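Here are my notes for you to read alongside the structure. Keep the viewer open and find each spot as you go.

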Amino acid sequence: MNARDRFQGYGFLAAAMVLVGSTVVASKIIGAGMPPFTATALRFALALPCFAVLMAGTGARVPRLGRRDWMLLAAQAIAGSVGYTTLLIAGLQRASAVDGGIILGTLPLVSAGIAMLLLGERPGKATLGAIAVAAAGVALMARGGGSADTPASWTGNALILGAVVCEGLFILLNKRLHVPVPPLALSTVMAGFGLAFSALASVTEAPWSLTFSSSAMMAVGYYALVPTVGGFLLWYAGAARVRGAEAALFTALAPTCAVLLAATVLGETVTAAQALGMGCVLAGVLWQAVAARASPG
């Protein structure tokens, strides 16, 4: 692969992670004008037809799966599609988007922790140290974050961390499938299951009796079409042009972009404690990435 293709891949990956970071700001806007399950159902109602058109246009197919794999896919959708989105929106109703962006950065380390607890993987000292540094960063941010307009909220931060745990479970469950599902087919299945589960749960919110703000509706449309569909296309276009280890490093851009967008778009203030907490999270992720590259396995 030539240098031009590689740098083009870097650009696609960076753009995809900027879009991922923007979902924190979009979720903050959505949370101010729409309940979480209803917003999640609308997100997938808009995204699913787009994925279906992409599958039809590319000839992609869902492979034949056994009952166990279908159950795992359903569990993935509950965790990664519905759980992540609803908990993120609910958390951002109580906490700042800056906090949300920082906690989003713990995903690689949360995933490692889940693998330790559920799969019995034996972590190395570097992994344990990276998790400890990132955890200290989140604790520092939660203790000293917030401003007069958006005070620090342990409840909100806990919900956002729960969203990250759900996304970590999504990653873990995907590795347990007996039959690998191609990315586009997997995204389409997740959108279908996500729509079904979130639409059912949204009945508890009685959306037919509510009035939604135009800003919340626009944010849902943005979330569904730009980061969900557009981010998928950008990420896999970039990943096809670079090595896996290189692609993984770009995920660190998402929390940084989320914090910067929260400050510029929403006008939130980044406190010294939040900045230090973000530094700890990024340091932990970098530590883990370097250790993984140096590992002989």
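1. Start in helix α9, where you'll find both F232 and Y236. They sit four residues apart, which is about one turn of the helix. Keep in mind throughout that this is a predicted model.

2. How are the rings of F232 and Y236 placed relative to each other? Their centres are 4.9 Å apart and the planes make an angle of 55 degrees, so this pair goes down as tilted. The cut-off to remember is that edge-to-face needs over 60 degrees.

3. Now look at who else F232 pairs with. F51 and F232 make an edge-to-face pair, with 5.7 Å from centre to centre and 90 degrees between the planes. This one joins distant parts of the chain: F51 belongs to helix α2 (residues 36-58) and F232 to helix α9 (residues 214-239), with their positions 181 residues apart.

4. Put those two pairs together and you get a cluster of F51, F232 and Y236, linked by ring pairs. If you want to hunt for others, the search of the whole structure turns up five aromatic pairs.

5. Buried or exposed: what about F51? Its relative accessibility is 3%, and buried means under 20%, so F51 counts as buried. F232 has 11%, so it is buried too. Y236 comes out as partly exposed, because its relative accessible area is 40% and that class runs between 20% and 50%.

6. Next, have a look at helix α3 (residues 67-92). This helix has 26 residues and spans 36 Å from its first C-alpha to its last, close to the 38 Å expected at 1.5 Å a residue. Still, don't picture a straight rod: α3 bends by about 40 degrees at G83. The helix is also mostly covered, with 19 of its 26 residues buried.

7. Last stop: the second largest pocket, which holds about 190 Å³ of space. It is lined by 11 residues, and those closest to its centre are T106, V110, I131, A135 and L161. Which elements give two or more residues to this lining? They are α5 (107-119), α6 (125-144) and α7 (154-174).

8. What kinds of residues line that second largest pocket? Sorted by class, the lining has nine nonpolar and two polar residues, and no charged ones. Try colouring the pocket by class in your viewer and see if you can pick them out.

Terms used: Residues are numbered from 1 along each chain as its sequence is written. This is a predicted model: local features need pLDDT of at least 70, side-chain atom pairs count only at pLDDT 80 or more; totals for chains, interfaces and linings use all residues. Side-chain values use heavy atoms; hydrogens and water are left out. On a 1 Å grid over the protein atoms alone, a cavity is a set of points where a 1.4 Å probe fits but cannot get out, and a pocket is an open set with protein on both sides within 12 Å along at least five of seven lines; lining residues have an atom within 4 Å of a point. Grid points are joined across faces, edges and corners, and a volume is the space filled by probe spheres set on the points. Ala, Val, Leu, Ile, Met, Phe, Trp, Tyr, Cys and Pro count as nonpolar, Asp, Glu, Lys and Arg as charged, and the others, Gly among them, as polar. Rings of Phe, Tyr and Trp (its six-membered ring) pair if their centres lie within 6.5 Å; planes under 30 degrees apart count as stacked, over 60 as edge-to-face and the rest as tilted. Buried means under 20% relative accessible area, exposed over 50%, partly exposed in between (1.4 Å probe, protein chains only). The expected span of a helix is 1.5 Å times one less than its number of residues. The bend at a residue is the angle between axes fitted to the seven residues ending there and the seven starting there.
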